[in-house]
Amino acid sequence: MSADDILFDSGDHRNILLEDFASGGTAVQANQHLIIHHGAGMILDPGGHKVYNRVLSATMDHLRGGNLRYLFLSHQDPDIVAAANGWLMTTDADAYCSTLWLRFIPHFGIDRLVEKRLIGIPDEGMVLDLAGCRLLIIPAHFLHSPGNFHVYDPISKILYSGDLGASIGPEIREVVDFDAHIPFMAGFHRRYMSGNRALRIWASLARQLDIETIAPQHGAVFRGKPMVERFISWCEGLEVGVDVMPAYGLPH
Ligand code: FE
């Protein structure tokens, strides 16, 4: 039986959090999200080789004969990008990532036949049209990658936040108690996020959106406006990265 979570379903428009294929072993747990609008699909941060076959077949099952139109790569990390070549070779989808990473991602092994379908997102973001649904590709630079984007879906009102909001450890798919959840996010954000200024810029963009759900790439999702607001204000006040980095000495 499938353990996929349907985050939103209006018939013509579906948002699916795929079954967790990566858990176990040393690889970090990672979520793969799928947006389908009128039979056209976008897979977000599809992951690496360990999950490629299963994520691809789950994606095709959900598309029910529809077309995968886009691969969205929030940033350049291996748990997001490593299997991009397989996706480009076996589907007709175009892959979108920050222009900063266009010349680095081919080192994961992008075949010459498909490299033109790896397309850069400019720093200011863009709109991607998925069969008439206008998905906002929102700048979230330095959270954590220097070239980093989130996706806002105006139909489901889900903000896909990549590594922002990631939690490591608890085996839950939805946050029920925000305060109890903080310890599972704090260490990751403190070390992987760059600094408070990036978080405040992001919070001011997020507050301009009508968000029902924030869905990160690792760990549990935040559902409902009160939980979304708690998360945004937690981020806004957080000191991370260069804000809290100690002045290291030389190693002994
Ligand atoms: Fe990352």
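Here are some exercises with worked solutions on the predicted model shown above.

**Exercise 1: The iron site**

Find which residues coordinate the iron ion, and describe the geometry of the site.

*Step 1.* Start at the iron ion and look for the donor atoms around it. His75 and His144 each coordinate through NE2, while Asp77 and Asp163 each use OD, at 2.0 to 2.3 Å.

*Step 2.* Now look at the angles. Among the four donor atoms they run from 83 to 170°. Four donors count as tetrahedral if all angles lie between 85 and 135 degrees. The site of the iron ion is irregular.

*Step 3.* Next, trace the donor residues along the sequence. Their spacing is H-x1-D-x66-H-x18-D. The pair His144 and Asp163 links distant parts of the chain, 19 residues apart. His144 sits in the loop between β9 (133–139) and β10 (149–153), and Asp163 in the loop between β11 (158–162) and α4 (178–192).

*Step 4.* Finish with accessibility: His144 and Asp163 are both buried.

**Exercise 2: Reading the seven-stranded sheet**

Work out in what order the strands of the open sheet of seven strands lie, and which are the edge strands.

*Step 1.* Walk across the sheet from one side to the other. The order is β1-β2-β3-β4-β5-β6-β7, and the pairing is mixed.

*Step 2.* Recall what pairing involves. Strands of a sheet pair through backbone hydrogen bonds, either parallel or antiparallel.

*Step 3.* Check the two ends. β1 (5–9) and β7 (118–121) pair on one side only, and these are the edge strands.

*Step 4.* Look at how the strands are turned. Ignoring direction, neighbouring strands of this sheet make an angle of 20° on average.

**Exercise 3: A close look at β4**

Describe how β4 pairs with β3 and with β5, and decide whether its residues are buried or exposed.

*Step 1.* Take the β3 side. β3 (residues 33–37) and β4 (residues 40–44) are antiparallel and share five bridges. One example is His37, whose bridge partner in β4 is Ala40.

*Step 2.* Look at the turn. β3 and β4 make a hairpin, with two residues between the strands. His38, in this turn, has a positive phi of about 45°.

*Step 3.* Move to the β5 side. Here β4 and β5 run parallel, joined by five bridges. In this pairing, Leu44 has Phe72 of β5 as its bridge partner.

*Step 4.* Check both faces. Ala40, Met42 and Leu44 lie on one side and Gly41 and Ile43 on the other, and all of them are buried. That makes five of five buried residues in β4.

**Exercise 4: Exploring the cores**

Find how many residues the largest nonpolar core has, and which element gives the largest share.

*Step 1.* Count the residues: the largest nonpolar core has 30. Among those with the most contacts inside it are Ile43, Val55, Leu68 and Trp87.

*Step 2.* Ask where the core residues come from. At least two each are supplied by β3, α1 (52–63), β5 (67–72), α2 (78–81), α3 (84–90) and β6 (94–98). With five residues, α1 gives the largest share.

*Step 3.* Zoom in on Val55. Leaving out residues up to four places away in sequence, Val55 touches Leu18, Phe21, Gln32, Ile43, Pro46 and Trp87.

*Step 4.* Look for another core. A second, separate core has 29 residues, including Val175, Ile214, Ala220 and Ile232.

**Exercise 5: Buried or exposed?**

Classify Thr213, Asp94, Val176 and Phe104 as buried or exposed.

*Step 1.* Note the cut-offs: buried means under 20% relative accessible area, and exposed means over 50%.

*Step 2.* Thr213, in strand β12 (residues 213–216), is buried because its relative accessibility is 5%. Beyond its neighbours within four places in sequence, Thr213 contacts residues including Lys157, Leu159 and Phe222.

*Step 3.* Asp94 belongs to strand β6. Its relative accessibility is 16%, so Asp94 counts as buried. Not counting residues up to four places away, Asp94 touches Arg69, Tyr70, Leu71, Arg117 and Ile119.

*Step 4.* Val176 lies in the loop between β11 and α4. Val176 is exposed because its relative accessibility is 73%.

*Step 5.* Phe104 is in the loop between β6 and β7. At 52% relative accessibility, Phe104 is therefore exposed. From C-alpha to C-alpha, Phe104 and Gln76 are 8.0 Å apart in space, with their positions 28 residues apart in sequence numbering.

Notes: Residues are numbered from 1 along each chain as its sequence is written. This is a predicted model: local features need pLDDT of at least 70, side-chain atom pairs count only at pLDDT 80 or more; totals for chains, interfaces and linings use all residues. Side-chain values use heavy atoms; hydrogens and water are left out. Donors are N, O and S atoms within 2.8 Å of the metal (3.2 Å for Na, K and Ca); water is not among the atoms, so sites may look incomplete. Four donors count as tetrahedral if all angles lie between 85 and 135 degrees; four count as square planar and six as octahedral if opposite donors are over 155 degrees apart and all others between 65 and 115; anything else is irregular. Helices (H or I, at least four residues) and strands (E, at least two) are DSSP runs, numbered from the N terminus. Buried means under 20% relative accessible area, exposed over 50%, partly exposed in between (1.4 Å probe, protein chains only). Two strands pair if DSSP finds at least two bridges between them. Axes are lines fitted to C-alpha atoms, for helices over the stretch in contact, and angles run from 0 to 180 degrees between N-to-C directions. A nonpolar core is a set of buried Ala, Val, Leu, Ile, Met, Phe, Trp, Tyr and Cys residues joined through side-chain atoms within 4.5 Å. Contact means heavy atoms within 4.5 Å.
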